[in-house]
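This report describes a protein together with its ligand. Please consult the sequence and structure shown below while reading.

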Amino acid sequence: MELFLSRVSSRAFSEERLTEEELMSLFEAARWTPSSYNDQPWRFVYARRGEKEWETLFNVLADPNKIWCQRADTLILITSRKFYEKNDKLTQTSRLSTGAAWMSLALEAHHRKIVAHGLEGFDYEKIRKDLQIPDNYNVEAMVAIGKPGKIDTLPEALQKAEVPSERKPLKEILSKGTFPFT
Ligand SMILES: Cc1cc2nc3c(=O)[nH]c(=O)nc-3n(C[C@H](O)[C@H](O)[C@H](O)COP(=O)(O)O)c2cc1C
């Protein structure tokens, strides 16, 4: 689908705000992700720029991410529950399903001409402490969300990064029946 090929993780956000309906549509997309036993292990915490919760999420970002995330409309923290709710047994796949939920969110965003940029560059321990996230949850990633903006709002080095990225060819990630990967 064209949707897969045209999505990019831009760092340029416009000042235009998302409506509440637009923002909730992203979580609605994530909500429909399939998961083992339909356990739905993903949990999201969000904060909108200018509102009181913003600093908690923004402050844990690595400095290079703060440079461009300061213009994002919304920051999202993604977590996953480690144990099935129905029997408290360890699940092997809650992280996989939560990753799929992130992608659903990202594709819904792209479909609506909204940027969703994944983030690993933040302090995982600090956010766990600051939000009092219990041990039965994995802290997975953050996402910066916003309407696409002009790339000249970015520092020069980041402007250069505003190009579509490449991918490994299929032959490097796919094998029939054996595991040849190192
Ligand atoms: C889980 C995850 C974490 C990421 N962490 C960061 C980050 O901390 N900072 C950043 O600038 N980009 C981050 N990225 C963006 C990736 O670098 C980007 O998705 C990748 O280079 C592929 O580019 P594309 O999304 O434009 O296709 C992250 C992406 C994902 C999915």
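## Helix packing

In this predicted model, the axes of helix H2 (residues 20-31) and helix H5 (residues 94-111) come within 7 Å of each other and cross at roughly 140°. Angles over 145 degrees count as roughly antiparallel, those from 65 to 115 as roughly perpendicular, and those under 35 as roughly parallel, with the rest counted as oblique. H2 and H5 are therefore oblique to each other. The crossing in which H2 passes H5 is right-handed.

## Surroundings of the ligand

The ligand is surrounded by 14 residues, of which Ser9, Arg11, Glu120, Gly121 and Arg167 are the closest. By residue class, the shell around the ligand comprises four charged, six polar and four nonpolar residues.

## Polar contacts and coverage

Side chains of two residues approach the ligand through N or O atoms. For Arg7, such a side-chain atom is 3.0 Å from an oxygen atom of the ligand. For Asn65, the corresponding distance is 2.9 Å, to a nitrogen atom of the ligand. Gly121 takes part through its backbone: an N or O atom there lies 2.9 Å from a ligand oxygen atom.

On its own, the ligand has 620 Å² of accessible area, and the protein covers 65% of this. Helix H4 (63-69) and strand S3 (115-119) are the elements that give two or more residues to the shell around the ligand. The largest share, three residues, comes from S3.

Key
Residues are numbered from 1 along each chain as its sequence is written. This is a predicted model: local features need pLDDT of at least 70, side-chain atom pairs count only at pLDDT 80 or more; totals for chains, interfaces and linings use all residues. Side-chain values use heavy atoms; hydrogens and water are left out. A residue is near a molecule or strand if one of its heavy atoms lies within 4 Å of it. A polar contact is a pair of N or O atoms within 3.5 Å; within protein, one must be able to donate a hydrogen and the other to accept it, and residues adjacent in sequence count only if both atoms are side-chain atoms. Accessible areas come from the Shrake-Rupley method with a 1.4 Å probe; for residues, only the protein chains shown count as cover. Helices (H or I, at least four residues) and strands (E, at least two) are DSSP runs, numbered from the N terminus. Ala, Val, Leu, Ile, Met, Phe, Trp, Tyr, Cys and Pro count as nonpolar, Asp, Glu, Lys and Arg as charged, and the others, Gly among them, as polar. Axes are lines fitted to C-alpha atoms, for helices over the stretch in contact, and angles run from 0 to 180 degrees between N-to-C directions. A crossing is left-handed if the near helix is turned anticlockwise from the far one by less than a right angle, and right-handed if clockwise.
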